[in-house]
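Biologist: I would like to learn how to read a model of this kind feature by feature, with the rule behind each term stated before it is applied. Could we begin with what it takes for two residues to touch?

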Amino acid sequence: DENDVTVSSNSSENVNKGRSKFNINILDDGKIIGFNHNQTDSSIKKSLTLEEAKKASIDFIQKLREDIYFADDSAQTKNSPTKSVFYFNGLETVDKGGRVDYNLNWKTNVENELNYSLKTQLVGERVSSFEIQVIVPE
């Protein structure tokens with residue numbers, strides 16, 4: 001029957017059958033500004049390279065937000081008429097013993113305007129969260 005699902009494993013490790021939990025933050029206009037997927041850490045084994053992690057983050061966000069674009073450096077965004085152009089602003093790697101997770105940061109750079117930070121977290125090979133926040137001027 002095409003509706004039957006068969007799961008098999010030749011692994012000696014326990015298979016986690018826990019539920020996933022998702023949280024989404026949405027503005028009044030329907031734009032998603034935050035996403036969080038709680039995953040069981042011990043069940044994730046594969047990790048990505050930094051370039052793969054950046055690409056996975058960008059692809060994920062652009063599926064959710066067609067109005068967000070990414071640029072390679074801030075010089076490209078200084079005179080941009082839109083606040084939705086983000087440039088890469090740093091990262092943190094987290095060594096999980098056999099797997100590397102990433103916290104990636106982008107921000108807008110529009111002079112004399114409010115700017116925004118965009119942060120993503122990758123656990124293994126998947127985006128587990130992202131968040132957009134206003135950068136409060138000093």
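Modeller: Contact here means heavy atoms within 4.5 Å. Leaving aside its neighbours within four places in sequence, R65 is in contact with K31, I32, I33 and I132. Please keep in mind that this is a predicted model, in which local features need pLDDT of at least 70 and side-chain atom pairs count only at pLDDT 80 or more, while totals for chains, interfaces and linings use all residues. Residues are numbered from 1 along each chain as its sequence is written, and side-chain values use heavy atoms, with hydrogens and water left out.

Biologist: Which elements make up the protein chain, and in what order do they run?

Modeller: Helices (H or I, at least four residues) and strands (E, at least two) are DSSP runs, numbered from the N terminus. By that reading the protein chain has 1 helix and 7 strands, and from the N terminus on the elements run β-β-α-β-β-β-β-β.

Biologist: How should I read the sheet, and which strands stand at its edges?

Modeller: Two strands pair if DSSP finds at least two bridges between them. Here 7 strands form an open sheet with mixed pairing, in the order β1-β2-β7-β6-β5-β4-β3. The edges are taken by β1 (21–26) and β3, each with a single partner strand, so one side of each is left without a neighbour in the sheet. For angles, axes are lines fitted to C-alpha atoms, for helices over the stretch in contact, and the angles run from 0 to 180 degrees between N-to-C directions. With direction ignored, neighbouring strands of this sheet are turned by 30 degrees against each other on average.

Biologist: How many bridges join β1 to β2, and what lies in the turn of their hairpin?

Modeller: β1 and β2 run antiparallel and are joined by 6 bridges, and F22 has H37 in β2 as its bridge partner. The hairpin leaves 5 residues between the two strands, and G30 in the turn has a positive phi of about 95 degrees. Strands β6 (residues 115–123) and β7 (residues 126–135) also run antiparallel, with 9 bridges joining them, and L118 stands opposite I132 in β7.

Biologist: Where does the helix lie with respect to these strands?

Modeller: Helix α1 (residues 50–64) lies across β2 (32–38), β3, β4, β5 (100–107), β6 and β7, and runs at about 55 degrees to β5.

Biologist: Returning to R65, is this residue buried or exposed, and what does its side chain make a polar contact with?

Modeller: Buried means under 20% relative accessible area, exposed over 50%, and partly exposed in between (1.4 Å probe, protein chains only). R65, in the loop between α1 and β3, is buried because its relative accessible area is 8%. A polar contact is a pair of N or O atoms within 3.5 Å; within protein, one must be able to donate a hydrogen and the other to accept it, and residues adjacent in sequence count only if both atoms are side-chain atoms. The side chain of R65 makes such a contact with the side chain of D67, at 2.8 Å. The backbone oxygen of D67 is in turn reached by the side chain of S84, at 3.2 Å. S84 is found in the loop between β3 (69–71) and β4 (85–95), and counts as buried at 16% relative accessibility.

Biologist: How many aromatic pairs are there, and how is a pair described?

Modeller: A pair of aromatic rings is described by the distance of the centres and the angle of the planes. Rings of Phe, Tyr and Trp (its six-membered ring) pair if their centres lie within 6.5 Å; planes under 30 degrees apart count as stacked, over 60 as edge-to-face and the rest as tilted. The count by this rule is 6 aromatic pairs. The rings of F60 and F130 have centres 6.4 Å apart and planes at 75 degrees, so this pair is edge-to-face. It links distant parts of the chain, with F60 in helix α1 and F130 in strand β7, 70 residues apart. F60 counts as partly exposed at 22% relative accessibility, whereas F130 counts as buried at 2%. Ring pairs also link F22, F35, F60 and F130 into a cluster.
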